[in-house]
Amino acid sequence: MNALAWNCQGLGNPGKFRFLKHLTLTEKPSFVFLSETISSYSKMEELCSKLGFEGFIAVEPRGKSGGIAMFWKNADNVNLLSLSQSHIDIVIKSFDKGEWRLTGIYGEPDRAQRHKTWDLLQNLSRDGNLPWCLMGDFNNVTSQADKKGGETYPNHLIEGFNSCLQDVELQDMDIIGHQFTWERGRNTSQWIEIRLDRLLVNAHWRSLFQMSKVYNIEETPSDHSPLLMIPEQQIGGLD
């Protein structure tokens, strides 16, 4: 039940579709969460078919920014809990693991409004006690080590995000590979890298999937690199 999360920054470029198609063929994710699709519902429906998924849900962008979508392989195994411009929350019925929860997150990009993401996580945390995994572009960092280059990240935003994670009892999973997931100005004096994308899990999920791993797929046509979560040990692929 591999899961893939990617801020694609629009899917109008044919190269991005080819990249995504290649990823779904090679890594075989059962779930894909996309943010900043900048695409209509009908475009996401078409993409779902082209990628070979059975089910999907999409939230259209507002104007020329935003838009999120979740795709899944087996439509009989998924129930939608809630959605907004910033999240899609589903329950997955697994034959061997029982029910667990997967939430795709697109964090508030405006620093002045970053508290909205923290509030969202707080509200979602009240919706049950299932094993829970959240993935996506949170637009938040947990320490100064999450940023390389440019100005120091505002400490009050780091403290606010960490306080939120502590309140909702979510753990930040380690990434295998390059530690930054977004970049700008590569090979220039203004090169900045930040770990904006991540996977968060509760203790129940971590105990259920003790062998889980998260990989940073560094080659990407977007400023963001995709994250691939593999919940069990596998032969082949990235593992």
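**Exercise 1. Are Asp89 and Arg101 buried or exposed, and what joins them?**

Solution. The model is predicted, so that local features need pLDDT of at least 70 and side-chain atom pairs count only at pLDDT 80 or more, while totals for chains, interfaces and linings use all residues. Residues are numbered from 1 along each chain as its sequence is written, and side-chain values use heavy atoms, with hydrogens and water left out.

Step 1. Apply the accessibility classes: buried is under 20% relative accessible area, exposed is over 50%, and partly exposed lies in between (1.4 Å probe, protein chains only). Asp89 and Arg101 are both buried.

Step 2. Apply the salt-bridge criterion, a side-chain nitrogen of Lys or Arg within 4 Å of a carboxyl oxygen of Asp or Glu. Asp89 and Arg101 form such a bridge, with their closest N and O atoms 2.8 Å apart.

Step 3. Locate the partners, with helices (H or I, at least four residues) and strands (E, at least two) taken as DSSP runs numbered from the N terminus. Asp89 belongs to strand E6 (residues 87-94) and Arg101 to strand E7 (residues 98-106), twelve residues apart, and the pair links distant parts of the chain.

**Exercise 2. Identify the other salt bridges described here and state the accessibility of their partners.**

Solution. Step 1. The structure holds six salt bridges. One of them joins the side chains of Glu46 and Lys50, at 3.0 Å from N to O.

Step 2. Glu46 and Lys50 both lie in helix H2 (residues 41-51), four residues apart, about one turn of the helix. Glu46 is partly exposed at 37% relative accessible area, and Lys50 is partly exposed at 44%.

Step 3. Asp172 and Arg198 also meet in a salt bridge, at 2.5 Å from N to O. This pair links distant parts of the chain, from strand E10 (residues 171-172) to strand E13 (residues 197-201), 26 residues apart. Asp172 counts as partly exposed at 25% relative accessibility, whereas Arg198 counts as buried at 0%.

Step 4. Asp172 and Arg198 belong to a network of salt bridges that also links Asp146 and Arg195.

**Exercise 3. Describe the sheet that contains E6 and E7, and the helix packed on it.**

Solution. Step 1. The sheet is open, has six strands in the order E5-E6-E7-E8-E13-E10, and shows mixed pairing. Its edge strands, E5 (78-83) and E10, each pair on one side only; two strands pair if DSSP finds at least two bridges between them.

Step 2. The pairing of E6 with E7 is antiparallel, over eight bridges. Within it, Ile92 stands opposite Trp100 in E7.

Step 3. Helix H3 (residues 115-125) packs on the sheet, touching E5, E6, E7 and strand E8 (132-137), and its direction makes about 165° with that of E7. Axes are lines fitted to C-alpha atoms, for helices over the stretch in contact, with angles from 0 to 180 degrees between N-to-C directions.

**Exercise 4. Which residues does Leu102 contact, and why does Cys133 form no disulfide?**

Solution. Step 1. With contact defined as heavy atoms within 4.5 Å, and neighbours within four places in sequence left aside, Leu102 is in contact with Phe31, Met70, Ile88, Asp89, Ile90, Ile92, Cys133 and Met135.

Step 2. A disulfide requires a pair of cysteine sulfur atoms within 2.5 Å. The closest cysteine sulfur to that of Cys133 is in Cys164, 16 Å away, and is therefore too far for a bond. Cys133 is buried, at 0% relative accessible area.

Step 3. A search of the whole structure finds zero disulfides.
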